Amino acid sequence: MAPLSNLAARDIETLVHPYIDLARFRETGPLVLERGQGIYVYDRNGKPYIEGMSGLWCTALGYGNEELVEAAAAQMRKLSFAHLFSGRSHDPAIELAEKLKELAPVPVSKVFFCNSGSEANDTQVKLVWYFNNARGRPRKKKIVSQLKAYHGVTIAAASMTGLPANHRDFDLPLPGFLHAGCPHHYRFGKDGESDEDFATRLAYELDALILAEGPDTVAAFIAEPVMGAGGVIVPPATYFEKIMAVCEKHDVLMISDEVICGFGRLGANFGCQKLNFTPHTLSVAKALSSAYLPIAGVMIPEILYQALLDESKKIGVFGHGFTYGGHPVAAAVALKAIEIYGRDGIIAKVAQKAPQFQVRLKAFAAHPLVGEARGLGLIGGLELVADKGTKRSFAATHGVGSRVVQFAEAEGLIVRAVGGDVIAISPPLIISESEIDELFDRLGRALDRTLDWVTREGLTLP
Ligand SMILES: Cc1ncc(COP(=O)(O)O)c(C=O)c1O
């Protein structure tokens, strides 16, 4: 093994990294990135990589966007910090909230700002609890999400997340957080069950779950339009329509977690528009500022806002807020990002580029390692399997997904293995047609190198 560079050695001695086998990491060390431009990032040796994951599904406008840099610098010079507590306010937060209300796919009364997707989703839970207390329904508090969902890592958000690694030995999920079935036909559809029938069954199962728990105890259902970290899962076309009907029937609020899908990833402003459903409330983050600075938001409907007013009258204060929620510099950057999305037709262009992206992606379904190639807009996932016929996965200990990531890095492409051995691809929205081709060419070489390795190791043998 090559000696670790000095920076890498210092990293190992100083940082705890999220989402890695910390023991193995001590041997492999980090990939240290130094700069970025367009869809490319560069490591310390100047080697370029296509950032095929937009960082963590977030750098929608790519790297080195001078307009965003300028927006931040100008706001820092003018007013580097102001908060929104106790009646204070500032221009960028007001303007950004107005802009979000204008863009929102459903009627939004107010916007609550925070700093991360997790904080947004934790806030959703607290608002729902507050709401039902205000409405005199103190038992209606349970939150339903889905197996394989990803909603973040703070305690309520992690409870809603439906992935074992976010629960195991963290003593999560908290009581009162339930998980409905995952809308992934390839893995959970029954033999001969159509997409439509699968969606009907999931809605029926959700209905049964709510009835078993007692509808007077279930407050909200939360879902990502397309699931990201759980393995890039695109639900059946009629899934949300059927789920929404169950929510309406039991007076359950529907929260759309738009942290990945919001601001164009699927070729529409919001994922719920692409998946044809009308949530009661939405969480946004990531592309809101194109990840130049952390900012997130909860889009609050009038009915929830009225409850906040009632509780404030009763308690004397709305006791929730983050020091940096709606930070003026982050808000100024988000305003600029939204301006660019509109002015440059970024989201319309995603819709135009999506067919090419999806054709290249889905061509990998023919690759011996790929069980399913799936995606929508500019997001895609390749599910790796040891046996295409039986859909048998590789043992987690073989780390086949990690191998693809490593070979992709060697080819100058950053992708991520999520939800088991699913290779996720989610490039900056500004990617050009020729760059899409280059991305998939590199990914194809990485898959071929992985196949050679798998064959040498005998991992495809039953
Ligand atoms: C759909 C979704 N919701 C919530 C989160 C959590 O966001 P954060 O990591 O900013 O807390 C993520 C992060 O990837 C996400 O993908």
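**Exercise 1.** State which strands helix H14 lies across and at what angle it runs to S11.

*Solution.* Helix H14 (residues 346-363) lies across S11, strand S12 (379-384) and S15. Its direction is at about 170 degrees to S11. Contact here means heavy atoms within 4.5 Å. Axes are lines fitted to C-alpha atoms, for helices over the stretch in contact, and angles run from 0 to 180 degrees between N-to-C directions. Helices (H or I, at least four residues) and strands (E, at least two) are DSSP runs, numbered from the N terminus.

The model is predicted: local features need pLDDT of at least 70, side-chain atom pairs count only at pLDDT 80 or more, and totals for chains, interfaces and linings use all residues. Residues are numbered from 1 along each chain as its sequence is written, and side-chain values use heavy atoms, with hydrogens and water left out.

**Exercise 2.** Describe the sheet that contains S11 and S14.

*Solution.* Start with the order: this open sheet of four strands reads S11-S12-S15-S14, and its pairing is antiparallel. Two strands pair if DSSP finds at least two bridges between them. Next, find the edges: strand S11 (370-376) and strand S14 (416-418) each pair on one side only. Then look at one pair: S14 and strand S15 (residues 422-425) are antiparallel over three bridges. Within it, Ala-417 has Ile-423 in S15 as its bridge partner. Finally, helix H15 (residues 400-410) lies across S12, S14 and S15, at about 165 degrees to S14.

**Exercise 3.** Work out how S1 and S2 are joined and paired.

*Solution.* S1 and strand S2 (residues 40-43) pair in the antiparallel sense over four bridges. One bridge joins Leu-33 to Asp-43 in S2. The two strands form a hairpin with two residues between them. In the turn, Gly-38 has a positive phi of about 60 degrees. Both strands belong to an open sheet of four strands with the order S1-S2-S3-S13 and mixed pairing.

**Exercise 4.** Identify polar contacts of the ligand and how much of its area the protein buries.

*Solution.* A polar contact is a pair of N or O atoms within 3.5 Å. A backbone N or O atom of Gly-117 lies 2.9 Å from a ligand oxygen atom. For Ser-118, a polar side-chain atom is 2.5 Å from an oxygen atom of the ligand. A side-chain N or O atom of Asp-257 lies 2.7 Å from a ligand nitrogen atom. Taken alone the ligand exposes 390 Å², and the protein buries 83% of that (Shrake-Rupley method, 1.4 Å probe).

Conventions. A polar contact is a pair of N or O atoms within 3.5 Å; within protein, one must be able to donate a hydrogen and the other to accept it, and residues adjacent in sequence count only if both atoms are side-chain atoms.
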